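Please work through the exercises below with the sequence and coordinates at hand. Each task is followed by a stepwise solution.

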Amino acid sequence: MAAPQPNPVPVAYQGGLVASVPDWLNKGDNAWQMISATLVGLQSVPGLVILYGSIVKKKWAVNSAFMAFYAFAAVVICWVVWAYKMSFGDKLLPFWGKAGPALGQKFLIKQAALPETTQVYDNGGVETPMATPFYPMASMVWFQCVFAAITLILLAGSVLGRMNFKAWMAFVPLWLTFSYTVGAFSLWGGGFLFHWGVMDYSGGYVIHLSSGIAGLTTAFWVGPRSSKDRERFPPNNVLLMLAGAGLLWMGWAGFNGGDPYTANIDSSMAVLNTNICAATSLLVWTWLDVIFFKKPSVIGAVQGMITGLVCITPGAGLVQGWAAIIMGILSGSVPWFTMMIVHKRWTLLQKIDDTLGVFHTHAVAGLLGGVLTGLFAEPELCALFLPVTNSRGGVYGGSGGIQILKQLVGGAFIIGWNVVVTSIICVVISFVIPLRMSEEQLLIGDDAVHGEEAYALWGDGEKYDVTKHGDITEHNMETRTSTGATQVM
């Protein structure tokens, strides 16, 4: 008898041979999903840790970076213990999943599946089958975890420089549980907005609109920074700020490129559109700064970059390249207008101290992107991703007109839920822990809050300590008050 012909497929790509390589596992998809998750994680740690620690006044560098660092770790534990299944598990309510752990071996090594994502027709027939990516649940759990973590970190940008760190420690798990999971399930996990056909490709609503609205709401309840900090709040290290911004930008390839749950053609489209929109928005914001303020601002360029990335997120894999340029033009100008013009004329926004302008860069840009996605979503690209067949944007006619209405309703739900729930969380915490730091801590900064300093330089709010700074004369103290990373007013 002739010997059997050898299998031409390399052993590494033959499925079903070993328990660690089941038939359903696509190694390419799994590798891309884990890489995407790592890229999004790097956006937070160290990306936003560096960005926050550098863009604030020197006396708040440690506190700001640590708020981001702590939130990331806290979300990871909460996510695997109960929050993942509230976002992507079995339905409890039309907007919420059932809580439960995502820690067991049998759950984590089986094929990934989002149980509530089966789309059915009115007659009960299946329109789109359940989402079952070709990799294990462990990859899905981690990928979604880093999205949840960055949402809390973005929210923190609104309250830097005055929120009590102990209150922040309580806020993170509460907001994740009662706010983030609702938006995630409603729009991604098989909730009512998902099945209605609201488009949110990668988090324009779930992440950015929610963090911007919740950030503004939290800033209202926490109260403003000290008057001196509000008057003068220069970044302590512009170059490190750019490094953090660069990590944020490049990490967005995983942010938007990983959301098809596979390394397919739509993923490639999403990554390209992301960079087109971000670059356009950065240029437009810079041009507006030059035209109206006569100087190109590095901080302004970073803001423009962020608004472009945020705006394209809900439609990254759903719009064409020319639409990404239009979205970049609008994301570089509309949030610029709300931040530079509307903010200074609207009394309510002036009273609320949103430290990094998260409302403008994330809430305004996220809602703008959601509406523009409803306008420009291309039918063929929609068919590659969305559960509702024949979905399309307004410019393509047919059912496109109603899509814009759906986008507005979806945005209104996220806004309303976050205003109410975030307010309740802040009020409840305030009964136990003060939301705002003490006046002494606000005056001194990191040294009073953490007993640590970002730089071995004296000044910028730190209380003089002869044991740390040496014995100097009154004359020398007067000459040294303007030393350090930023000058003391």
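The exercises concern salt bridges and the packing of two helices.

This is a predicted model, in which local features need pLDDT of at least 70, side-chain atom pairs count only at pLDDT 80 or more, and totals for chains, interfaces and linings use all residues. Residues are numbered from 1 along each chain as its sequence is written, and side-chain values use heavy atoms, with hydrogens and water left out.

**Exercise 1.** Determine which salt bridges Asp 229 forms with Lys 57 and Lys 59, and where the partners lie.

Step 1. The criterion is a side-chain nitrogen of Lys or Arg within 4 Å of a carboxyl oxygen of Asp or Glu; the structure holds five salt bridges.

Step 2. For Asp 229 and Lys 57, the closest N and O atoms are 3.0 Å apart. Asp 229 belongs to helix α8 (residues 227-231) and Lys 57 to the loop between α1 (27-55) and α2 (61-88), so this pair ties together parts 172 residues apart in sequence. Helices here are DSSP runs (H or I, at least four residues) numbered from the N terminus.

Step 3. For Asp 229 and Lys 59, the closest N and O atoms are 3.4 Å apart. This pair also links distant parts of the chain, Lys 59 being in the loop between α1 and α2, 170 residues from Asp 229 in helix α8.

Step 4. Buried means under 20% relative accessible area, computed with a 1.4 Å probe on protein chains only. Asp 229, at 0%, is buried, and Lys 59 counts as buried at 8%.

**Exercise 2.** Characterise the salt bridge between Asp 353 and Arg 225.

Step 1. The N to O distance is 2.8 Å. Asp 353 sits in the loop between α13 (347-351) and α14 (358-376), and Arg 225 in the loop between α7 (204-222) and α8, 128 residues apart.

Step 2. Asp 353 is buried at 2% relative accessible area; Arg 225 is buried at 9%.

**Exercise 3.** Describe how α1 and α2 pack.

Step 1. Their axes, lines fitted to C-alpha atoms over the stretch in contact, are 7 Å apart. The angle between N-to-C directions, on a scale from 0 to 180 degrees, is about 165°.

Step 2. Because angles over 145 degrees count as roughly antiparallel, α1 and α2 are roughly antiparallel to each other.

Step 3. Contact means heavy atoms within 4.5 Å. Among the contributing residues are Gly 41, Val 45 and Tyr 52 of α1 and Ala 61, Ser 64 and Phe 72 of α2.

Terms used. Helix = DSSP H or I, 4+ residues; strand = E, 2+ residues; numbered from the N terminus. Buried < 20%, exposed > 50% of the residue type's maximum accessible area, 1.4 Å probe, protein only. Parallel < 35°, antiparallel > 145°, perpendicular 65-115°, else oblique.
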